[in-house]
Every structure is written in C-alpha cells, then in structure tokens.
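Visitor: Could you walk me through the enclosed spaces and the aromatic rings of this protein?
Guide: Gladly; please have the model open as we go.

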Amino acid sequence: MARTEKRPEESTASKLEQLRKLRDEALHAGSSTAVERHHAAGKLLARERAERLLDPGSFVELDRYVRHRESNFGMLERRPYGDAVVTGYGTVFGRKVFVFSQDFTVFGGSLSEVFAEKICKVMDLAAKFGCPVIGINDSGGARIQEGVVSLAGYAEIFWRNVQSSGVIPQLSLVLGPCAGGAVYSPAITDFVFMVEGSSYMFITGPDVVKTVTGEEVTFEELGGAATHAAKSGVAHFISPDEEACLDDARYLLSFLPQNNVDPPPYTEPSDPRDRQDPELDTLIPDEPTKPYDIKAVIRRVVDDGEFLEVHERFATNIVCGFARLGGHPVGVVGNQPQSLAGVLDIDSSVKAARFVRFCDAFNIPLVTFVDVPGFLPGTAQEHGGIIRNGAKLLYAYAEATVPKLTVITRKAYGGAYDVMSSKHIRGDYNVAWPGAEIAVMGPEGAVNILYKDELAAAKDPDKQRAALTQEYAAKYANAYVAAARGYLDDIIEPHETRPRLVAALRALAGKRDTNPKKKHGNIPL
C-alpha cells in the first residue's frame, strides 16, 4: 500500500504553529501567580524592562529557547524556555547596546549554568562589537540546586566585567534584590542604578547580620537605594520608580561613547558657544568663608544648563557629573563650598578619582572647578587613610591623558591645589577668576604662624593681624603670583568662563598624550 505523504504546505504550517507555541511558552516562562505578584509590586517583567529601556521596536532577543540542564535536584519537572534571564540587543538613541534582564518570576531569578552562559554570550558580543552592555539585576542569588556550577557562572561573569572595564561602558540597573556574590558584578561595572523602595544590595541579609553580629537592621537600612546612594557610595543614581530608572540610564548613555576608541557623541548645541553670563561676576560672596553652590556655576557655564550629576547624595563636598560644552560631552568635577566648605576628605577623593578615571578611559574631557581649602584634618581622617585615599585623586588626574581644563573660582590651598588638576600634574588649560587665592594655606592661618611672636607683642593684635593678613594675601596668595610663574594660563572674568572653556576645548580636540609603557600602574588602592 502506497504511503501517503503530507503536503509541504501542511508541514510548514505545522512547524509554524509549533514555533508559535514555543514562543508563547518562552514569553510566559514565569508562573501566572509570580507574574501577578511582580506587577502588583509595581515592577515590570524582565522582557518589559528590556523593551522599555531600548528604542521602541529595536529589541532583538537571543537564546529565547535555551533551557537549564537536567539535574537530580527536582528540576526535571520544570525547564522553562529562556531560563530566568532575557538577553539580546537593541538601540538607545539609535546606537546599538547589548542587554540582559534577570527574570525574578522564574526560579526567583536565580543564576544557573545556562543563565550565566546567556549573560556571558551577550557580554562577549558587546566586547566584540564595541558596544555598551547593560545588566538589569533582579535575582535571589545562585541556584542552590546547581551548587558550584552556579558559582562558576558568577565567576565567568566577573571575569568578563574586568576584561571589558575601560573598553566598553558597563551599566548595572538593580531593580530588585541583588545579594551575596552577585553584588560584585554591579560593583565592577561603571555605574549602578537603584530604585527607592524596591532595590536591595548586600553581601549578607538582615537575618545573617543579626545571627553573626547581633545587629537588628531592615532590608532598606542595610542595603536599600538610599543607603547605597548616601552612605556606601555603591549606587551612582537612584530613581523613584523603574520607568524613571530606565530613562536615567538612557540619558546617561547619551553622554558616553560606544567604546574606548570611538569619540563621545557630539550634539549640535542650541546654546551659543560665545554666550557670556554676567551673573557669574557676582555669584561668589565677598566674604571668603561664605558658601555658594558650585552647581550654579556649572549650570551657567555648560550647554543649556544641563548637568547630569553622578553620586549626588554621596560625598557631597565634591560634585561630579556629565554635561556638554559646545556640543561635546565633558566630565565635570567641582569642590562644593556648601558642604564641608568643599574640603577634600576620604569619600570625596575616592568618588572623584573613580569618575576621573572613567572619563579618561572613554576619552571624555575633564573640566574642573576648584574652590578647595585643603584636606580635612582630624584623627578619623588620618586613621581612615586620607593619605592613601587622597592620593587616589592625585593619581587619577596625573594619569589622565584627555584634555584637562581647570578653573579656580575662589581658593586653592595646600596639597589640594596640586591635586585638583593643577598645571603641575599636566592640566592643559588652567585659569582663575580675579579674586582667587592660591597658597600653602589661607592668609589668616599663614599669618598666625609666620608672625606669631609679633602678634603676641602687639598692642592691638586683632588690628595687626588684619593688616598682616591683607598684606600676605596681596603679596603671596593671589592668583597673579601663580600666573606670573606660568602656573595659570590666564586670569579671566567670571562672565567669560563659558566661551573661554569652549574655545580651549576645541583647541585641545587633537591632543595626543600617552603615559610611559607599562602593564599598569599601582594606584594606592
């Protein structure tokens, strides 16, 4: 009897129907209960996050049908397609990026062997094609059933984080729990984003902390967004909700190049390059100890007043962030007189050093606004390692080969003057405003030391001190003394700061500078 063969079109239709079923299964890998619970908490699903992050319709998913390995730990009954992570690529403002998004609705987002393989694959592709990689973290940790295999998966990811550091931008969005060893991947990446009330990062949870140390602490107090933004400095950006967090990540990427070879993205400015701001002439108080907001200076100088601050709540005595000058992205660092008088301490030194090194790695010019009274004195700082940590900022500026522009707005005292991108550590364009003071220490402190005996013998020591202070400032502490030696390129009126910096940046666009050939330096970590 002759065998009846299926018609080709029927076979194709059957295969297409099977594919649709598999695709639908992969799209709904998490249980309906888990999905409902996730949405009820105000959270997007893993695939929704990836699609929301990227330009509409640009997301291309990879490894949709990958399944976890068979095991003897009760995992055979459920092997969802895609496992517990969504991976792929798309565009942000038309530029390609790679992304992975952990799915808490599938096995609590726990990391398995194939989960790690999917992440490693997109990380390898991002490095190969020179594109940023964005990781969306929402995981309960390692998949216990897979034991050391899951730990090996983490290590493979960490290794790739390190290899890609300084080569492609790496962003971590923590949109749920991130605990144990898993925290070290975000820690190695360039920027960490968290959401208030729903993001948590810690090495050990509150229960373990209580058992080991006796401390009682909540999830939020131990590793919430506010804690890591203000106290630990782990989080660079925090947002009120997930959608705002995704928008913040997109905005940050608009300042960054695709990799360490490509230039930062230029945007034709609507703000005139030669715009002057007369209000800068009166922004700094006449009283040298009275505070003002350095961010007001920054916003009046950069394009359209747009300034994306990094680490806004951490070490507030120094300000770091991204802006544009004449359409070109720049990294901005500035001492903040409103917080601890802008003094450099351990946290502010480390914060600024890491930012400077990021900008240098990705060819982003540096603009530094200096108003620094020195390093913070005291036993807490000395015992905490201010020498070692302050040296990190010095090292970062000295190592940087990108164009470095420096404006001293009011004062630069002691070693802090050297550290803050001075001409001596190869600042390219260094200027000061007319009232700036540059000296080993402030005039009052210097007079108290230099004229100690004279003041003790004076009939009116206060009057004598005032006269000597004025004389010292005029002779030794003003910016013209530094300019006379070539330590400053010019002394400029505050209102002309923007056009001067724009012109200098354009002049330095072709800068070619390299450090001595070496495997790597030994920064005082």
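**Cavities and rings**

Guide: In this predicted model, there are five cavities of 30 Å³ or more, and the largest cavity holds about 110 Å³ of space.

Visitor: Which element gives the largest share of the lining of the largest cavity?
Guide: The lining comprises 16 residues, with Gln102, Asn137, Tyr154, Ala182 and Ser185 nearest the centre. At least two residues each come from β3 (95-102), α4 (113-129), α5 (148-164), β6 (177-179) and α6 (184-188). The largest share, three residues, is supplied by α5.

Visitor: How many charged residues are in the lining of the largest cavity?
Guide: Sorting the lining residues by type gives eleven that are nonpolar and five that are polar, and the number that are charged is no residue at all.

Visitor: Is the pair of tyrosine 89 and phenylalanine 98 stacked or tilted?
Guide: The structure holds 16 aromatic pairs. In the one formed by tyrosine 89 and phenylalanine 98, the ring centres lie 5.6 Å apart and the planes meet at 50 degrees. Because planes count as stacked under 30 degrees and as edge-to-face over 60, this pair is tilted.

Visitor: Is phenylalanine 98 buried or exposed?
Guide: Its partner tyrosine 89 has 26% relative accessibility and counts as partly exposed. Phenylalanine 98 has a relative accessible area of 3%, and buried means under 20%, so phenylalanine 98 is buried.

Visitor: Over which ring does the charged end of arginine 250 sit?
Guide: The charged end of lysine 96 sits over the ring of phenylalanine 129, 5.8 Å from its centre. For arginine 250, the charged end lies 4.6 Å from the ring centre, and the ring beneath belongs to phenylalanine 93.

Definitions and conventions. Residues numbered from 1 in each chain as written. Predicted model: local features only at pLDDT ≥ 70, side-chain atom pairs only at ≥ 80, totals over all residues. Heavy atoms only, no water. 1 Å grid on protein atoms, 1.4 Å probe; cavity = no way out; pocket = protein on both sides within 12 Å on 5 of 7 lines; lining within 4 Å. Points joined across faces, edges and corners; volume = space filled by probe spheres on them. Helix = DSSP H or I, 4+ residues; strand = E, 2+ residues; numbered from the N terminus. Nonpolar A, V, L, I, M, F, W, Y, C, P; charged D, E, K, R; others polar. Phe/Tyr/Trp six-rings, centres within 6.5 Å; stacked < 30°, edge-to-face > 60°. Buried < 20%, exposed > 50% of the residue type's maximum accessible area, 1.4 Å probe, protein only. Lys NZ or Arg CZ within 6 Å of the ring centre and 35° of its normal.
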